Amino acid sequence: NSYAGHFLLIAKDQGYEIPGNLLRNWERAQKRLAKAWDPRQNAAGFYSSRSNELSQAYRLYTLALAGKPELSAMNRLRESAKLSPIAKWRLAAAYALAGQKEIASKLINQLPKSVDPYQEFSGSYGSALRDKAMILETLLLLDKADEAATLMKAMSEDLSSGRWHSTQTTAYCLQAIGQFAEKFPPGKELKF
């Protein structure tokens, strides 16, 4: 749900016609899932803690991106005792989109911008590079230009290394780097 909704929101923002009822139904489903989310699902063995928290943070991010932030669910997730760093980064992006930049900044204060190498082939289908793209997007939303530039450069080098990256990792990276280029236009023509 979150991935599909994220794609639809980006497509709509780019001027593509998206049926209104499709987005409304998606928003209702996302809100229902966000409100029903329970961290005890981890203990019951339904999800890994990391994947469950990140899925909720991403769900909340997409709702905020749609202009429909679910603040009560955001606050509940923020109070989770051992929230993973990447879930905090994604949740901070949701707060920033909801106009709560002070809360977002406090949430990421002292968080590392580096990610230990990993690659998931299920769950959130994450990778270290995908997570860095999420961090970059949050830094851009919080107007942290210098930190964003450093991270964007490292991500660009990783993308051009010739190593294999999943479709999701590549898409997240290109989306975040595109947002960087939009916010800080390059002084010369880009070549691809």
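Helix 1 covers residues 2-13, 12 residues in total. At 1.5 Å a residue, helix 1 should span 16 Å, and its end C-alpha atoms are 16 Å apart, which agrees. The expected span is 1.5 Å times one less than the number of residues. Helices here are DSSP runs (H or I, at least four residues), numbered from the N terminus. The model is predicted; local features need pLDDT of at least 70, side-chain atom pairs count only at pLDDT 80 or more, and totals for chains, interfaces and linings use all residues. Residues are numbered from 1 along each chain as its sequence is written, and side-chain values use heavy atoms, with hydrogens and water left out.

Several residues of helix 1 are buried (under 20% relative accessible area, 1.4 Å probe, protein chains only). They are Ser2, Gly5, His6, Leu8, Leu9 and Ala11. Glycine 15 follows helix 1. The phi of glycine 15 is positive, near 100°.

Helix 8 (residues 128-141) packs against helix 9 at about 155°, and the two axes are 9 Å apart. Helix 8 is therefore roughly antiparallel to helix 9 (angle over 145 degrees). Axes are lines fitted to C-alpha atoms, for helices over the stretch in contact, and angles run from 0 to 180 degrees between N-to-C directions. The crossing of the pair is left-handed (the near helix is turned anticlockwise from the far one by less than a right angle). Contact means heavy atoms within 4.5 Å. Helix 8 contributes Leu129, Lys132, Ala133, Ile135, Leu136, Leu139 and Leu140. Helix 9 contributes Glu147, Ala148, Leu151, Met152, Met155, Asp158 and Leu159. This contact holds 11 nonpolar residues, no polar ones and 3 charged. Nonpolar covers Ala, Val, Leu, Ile, Met, Phe, Trp, Tyr, Cys and Pro; charged covers Asp, Glu, Lys and Arg; the others, Gly among them, are polar.

Helix 9 (residues 145-159) also meets helix 10 (residues 167-183). Their axes come within 11 Å and cross at roughly 140°. The pair is therefore oblique (outside the ranges under 35, 65 to 115 and over 145 degrees). This crossing is left-handed. Helix 9 supplies Ala148, Ala149, Met152, Met155, Ser156 and Leu159, while helix 10 supplies Cys173, Leu174, Ile177 and Phe180. The contact residues comprise 9 nonpolar, 1 polar and no charged.

Glutamate 120 lies in the loop between helix 7 (101-108) and helix 8. Glutamate 120 is buried, with a relative accessible area of 19%. Not counting residues up to four places away in sequence, glutamate 120 touches Tyr125 and Gly126. Serine 166 is 46 residues away from glutamate 120 in sequence, yet 9.7 Å away in space, C-alpha to C-alpha.

Technical notes:
Helices (H or I, at least four residues) and strands (E, at least two) are DSSP runs, numbered from the N terminus. Buried means under 20% relative accessible area, exposed over 50%, partly exposed in between (1.4 Å probe, protein chains only).
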